[in-house]
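Have a look at the model below and turn it around a few times before reading on. Then we'll walk through it together.

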Amino acid sequence: LVGTLSCLNGHHLHISLSDKNGQVIGGHVFGEMNIFTTAEIMIGECVDLEFRREIDDETKLAFFLFFLY
């Protein structure tokens with residue numbers, strides 16, 4: 001599970017999952033997700049790091065910019 005959680009901007013999460021045979025699928029996390037066995041999730045706070053999305057002039061896509069304080 002990789003992504004961002006925000007009280008202001010919602011969330012954007014990616015996940016990789018495998019079945020009992022080791023087949024892996026992945027994609028965006030949305031809607032309700034039920035966990036039937038276990039989930040090991042680590043959430044950390046980056047107190048010296050600020051990030052925000054800004055529109056790239058050339059591509060017109062919103063990219064993350066990171067600032068270390």
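What radius of gyration would a compact globule of 69 residues have, and what does the protein have? The compact globule would come out near 11 Å, but the protein has 16 Å. Keep in mind that you're looking at a predicted model.

**Overall shape**

To get a feel for the dimensions, picture a box drawn along the principal axes: the C-alpha atoms fill roughly 45 × 30 × 20 Å. Now for the inside and the outside. Buried residues make up just 4% of the 69 residues. The exposed area adds up to about 6,800 Å², and 57% of that comes from carbon and sulfur atoms.

What about contacts between distant parts of the sequence? Take the contacts with a separation of 6 or more: residues 24 or more positions apart account for 9% of them.

Charges are worth a glance too. The protein carries 4 positive and 10 negative side chains. The centres of these two sets lie 6 Å apart.

**The strands**

If you're hunting for helices, you'll find 0 of them, but there are 5 strands. Reading from the N terminus, the order is simply β-β-β-β-β. Here are three of those strands with their residue ranges:

| Strand | Residues |
|---|---|
| β1 | residues 2-6 |
| β4 | residues 49-55 |
| β5 | residues 62-68 |

In which sense do β4 and β5 pair? They pair in the antiparallel sense, over 7 bridges. You can trace this yourself: Leu49 has Leu68 in β5 as its bridge partner, while Glu54 is matched with Phe63 of β5. Together β4 and β5 form a hairpin with 6 residues between the strands. In that hairpin, look for Lys60, which takes a positive phi near 65 degrees.

**A closer look at Val2**

Let's finish at the other end of the sequence, with Val2, a residue of strand β1. Is Val2 buried or exposed? Its relative accessibility is 58%, so Val2 counts as exposed, because the cut-off for exposed is over 50%.

Being exposed doesn't leave Val2 without company, though. Setting aside the neighbours within four places in sequence, Val2 is in contact with His12, Leu13 and His14. Take Leu13 from that group: Val2 and Leu13 are 11 residues apart in sequence, yet their C-alpha atoms are 5.7 Å apart in space. Try finding that pair in the viewer.

Definitions and conventions
Residues are numbered from 1 along each chain as its sequence is written. This is a predicted model: local features need pLDDT of at least 70, side-chain atom pairs count only at pLDDT 80 or more; totals for chains, interfaces and linings use all residues. Side-chain values use heavy atoms; hydrogens and water are left out. Helices (H or I, at least four residues) and strands (E, at least two) are DSSP runs, numbered from the N terminus. The radius of gyration is taken over C-alpha atoms; the globule rule is 2.2 Å times the number of residues to the power 0.38. Buried means under 20% relative accessible area, exposed over 50%, partly exposed in between (1.4 Å probe, protein chains only). Contact means heavy atoms within 4.5 Å. Accessible areas come from the Shrake-Rupley method with a 1.4 Å probe; for residues, only the protein chains shown count as cover. Lys and Arg count as positive and Asp and Glu as negative; His and the chain ends are not counted. The place of a charge is taken as NZ of Lys, CZ of Arg, CG of Asp or CD of Glu. Two strands pair if DSSP finds at least two bridges between them.
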